[in-house]
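Visitor: I am new to this structure and would be grateful for a close look at a single part of it. Would you please take me to one place in the interior and explain how it fits into the whole?

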Amino acid sequence: MQHQKHNIGFGPNHINGILFDGAWLWEEYIDKLIGENFYHKKNKSGIDAQQLFSKSNNFSKIGRIYPDFISKNSNKRIIADAKYKPIKNIANKDYLQVLAYMFRFNAEMGFYIYPAKNNESVPESKMYLNEGTTFENNVKHQEDIIITKLGLIIPDNKGLTYYEFSQEMKLNETQLVKSISTDQDVGY
């Protein structure tokens with residue numbers, strides 16, 4: 001922010017520090033965990049953009065999108081989106097974004113991967129896409145289109161040594177990878 005006319009504090013209250021992009025770091029961390037089975041775009045450099053639309057079999061850049069993760073398994077495609085925010089804040093536009101990606105890549109399974117608190121009661125929450133309308137009184141959920149909010153539990157480090165915290169994190173990371181790969185390998 002220096003030299004960009006952004007100031008925090010003046011005179012004796014001047015603040016020095018480091019500004020980092022937590023959402024980007026979270027996404028790159030998730031890539032280290034699941035990247036073996038997923039394509040991961042590099043949108044900070046503009047590489048690996050995908051397109052929503054084309055004209056008459058012409059590949060053109062219409063509706064450029066950057067899904068966080070697209071599974072390499074093209075038979076059972078999965079879309080995963082890393083969200084660096086609490087589960088209760090994943091809503092509305094987040095849903096539309098992942099559904100558009102799922103529709104575009106013919107995926108029946110989508111995931112939001114978020115950092116979960118150790119004491120959160122529901123680290124995983126499945127949602128099924130509805131069909132029908134309330135006007136015709138025929139709303140029901142589809143069994144084959146599922147989005148899951150999947151929390152990576154971050155241990156409460158109170159009283160834990162670094163080693164204990166690391167061991168708990170490794171177990172939680174393994175569980176997250178298993179949750180995604182199980183769905184990918186054996187079906188939904």
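Guide: Before turning to the interior, let us consider two places in the loops for contrast. N106 is exposed, with a relative accessible area of 67%, and N106 sits in the loop between α2 and β6 (109-117). The model is a predicted one, and in it the phi of N106 is near 55°, a positive value in a residue that is not glycine. Most residues other than glycine have a negative phi. N92 also has a positive phi, of about 40°, without being a glycine. N92 lies in the loop between β5 (78-82) and α2 (93-104), and N92 counts as exposed because its relative accessibility is 60%, where exposed means over 50%.

The part chosen for the close look is I70, a residue of strand β4 (residues 69-71). I70 has a relative accessible area of 9% and therefore counts as buried, the limit being under 20%. Leaving aside its neighbours within four places in sequence, I70 is in contact with F38, Y39, Q50, R77, I78, I79 and F105. I70 and Y101 are 31 residues apart in sequence, while their C-alpha atoms are 9.0 Å apart in space.

The wider setting is as follows. The protein has three helices and eight strands, which follow one another in the pattern α-β-β-β-β-β-α-β-β-β-α. Of the 188 residues in the protein, 33% are buried. Among contacts between residues at least 6 apart in sequence, 59% join residues at least 24 apart. The protein exposes about 12,800 Å², and carbon and sulfur atoms supply 52% of that area.

In soluble globular proteins, nonpolar side chains tend to be buried together. Here the largest nonpolar core has 18 residues, and I30, I34, F111 and I113 have the most contacts inside it. At least two residues of this core come from each of α1 (22-34), β5, β6, β8 (140-154) and α3 (162-186). Helix α1 gives the largest share of this core, four residues. Apart from this core lies another, of 15 residues, and I70 is among them, as are I65, Y101 and A107.

For comparison with I70, one may look at I113 in the largest core. Not counting residues up to four places away in sequence, I113 touches W26, I30, I34, A80, D81, A82, K83, L150, L176 and I180. To return to the chosen part, I70 is a buried residue that belongs to the core of 15 residues.

How values were computed. Residues numbered from 1 in each chain as written. Predicted model: local features only at pLDDT ≥ 70, side-chain atom pairs only at ≥ 80, totals over all residues. Heavy atoms only, no water. Buried < 20%, exposed > 50% of the residue type's maximum accessible area, 1.4 Å probe, protein only. Contact = heavy atoms within 4.5 Å. Areas by Shrake-Rupley, 256 points an atom, 1.4 Å probe, with all protein chains shown as cover. Core = buried A, V, L, I, M, F, W, Y, C linked by side-chain atoms within 4.5 Å.
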